[in-house]
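Biologist: I would like a close look at a single part of this model. Could you take me through it slowly, with each term explained?

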Amino acid sequence: MAASTRLPKNNSSPLKAAAASPLEDLPALIARTNIHFQGLVERTLAELKLDRLLRPGMAPVLFALYEQDGCIIKELAGRTQRSAAALNSLLGRLEKSGVVTLRTCAQDGRAVRVRLTAKGREIEPRVRELHRRVVAAVEQGLKPGEAGQVSSMLKRIIAGLTQDENRQN
């Protein structure tokens, strides 16, 4: 093994040991996957004529609101597994697009309640079609059962990254 690819002695992870180059290791693959995924979502948004209203990452928030409209931001953050700060930015864009309204909660003046507008409800069939197409494209090269395995692995990666993030804060 060349010196530039030699692993530290305390590194026993089979995932790390399998990668010969930082261009092909797990972080590089995740980054490339993200780039391709973002492109897929952007193209599909354009095909469905949703690109003037939505950006990648907004659909999960809409699905949470389709299930339970009128949540406060804290509840929505928990349901979508996003930080309140990230969600605030995204909700601001959705409000500018006319898809949601943000109003101070009558019961708790510190909280903000999020509600779908008529436009937000009207685009629901196209948002569901967006999801269907994206899932089909993501799973097209996988064998039966592999999508569940990949999902399980990604959830563990996210949990590890979240723990790391929490340690840093």
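Biologist: Which residue in strand 3 is the bridge partner of Ile72?

Modeller: Happy to help! This is a predicted model, in which local features need pLDDT of at least 70 and side-chain atom pairs count only at pLDDT 80 or more, while totals for chains, interfaces and linings use all residues. Residues are numbered from 1 along each chain as its sequence is written, and side-chain values use heavy atoms, with hydrogens and water left out.

Now to your residue. The bridge partner of Ile72 in strand 3 is Arg113. Cys71 also has a partner there, standing opposite Val114. Strand 1 and strand 3 (residues 112-116) run antiparallel and are joined by 2 bridges. Two strands count as paired if DSSP finds at least two bridges between them. The strands themselves (E, at least two residues) and the helices (H or I, at least four) are DSSP runs, numbered from the N terminus.

Strand 3 has another partner too: 5 bridges join it to strand 2, and these two strands run antiparallel. One example is Thr101, whose bridge partner in strand 3 is Arg115.

Put together, the 3 strands make an open sheet in the order 1-3-2, with antiparallel pairing. Strand 1 (71-72) and strand 2 (100-104) are at the edges with a single partner strand each, so one side of each has no neighbour in the sheet. Helix 5 packs on this sheet and touches strand 2 and strand 3, where contact means heavy atoms within 4.5 Å. The direction of helix 5 makes about 115 degrees with that of strand 2.

What else does helix 5 meet? Helix 4 (residues 73-80) and helix 5 (residues 84-96) have axes that come within 9 Å and cross at roughly 105 degrees. Axes are lines fitted to C-alpha atoms, for helices over the stretch in contact, and angles between N-to-C directions run from 0 to 180 degrees. The two helices are therefore roughly perpendicular to each other; that label covers 65 to 115 degrees, with under 35 roughly parallel, over 145 roughly antiparallel and the rest oblique.

On the helix 4 side, Ile73, Leu76, Ala77 and Thr80 meet Ala84, Leu87, Asn88 and Leu91 of helix 5. By class, this contact has 6 nonpolar, 2 polar and no charged residues. Here Ala, Val, Leu, Ile, Met, Phe, Trp, Tyr, Cys and Pro count as nonpolar, Asp, Glu, Lys and Arg as charged, and the others, Gly among them, as polar.
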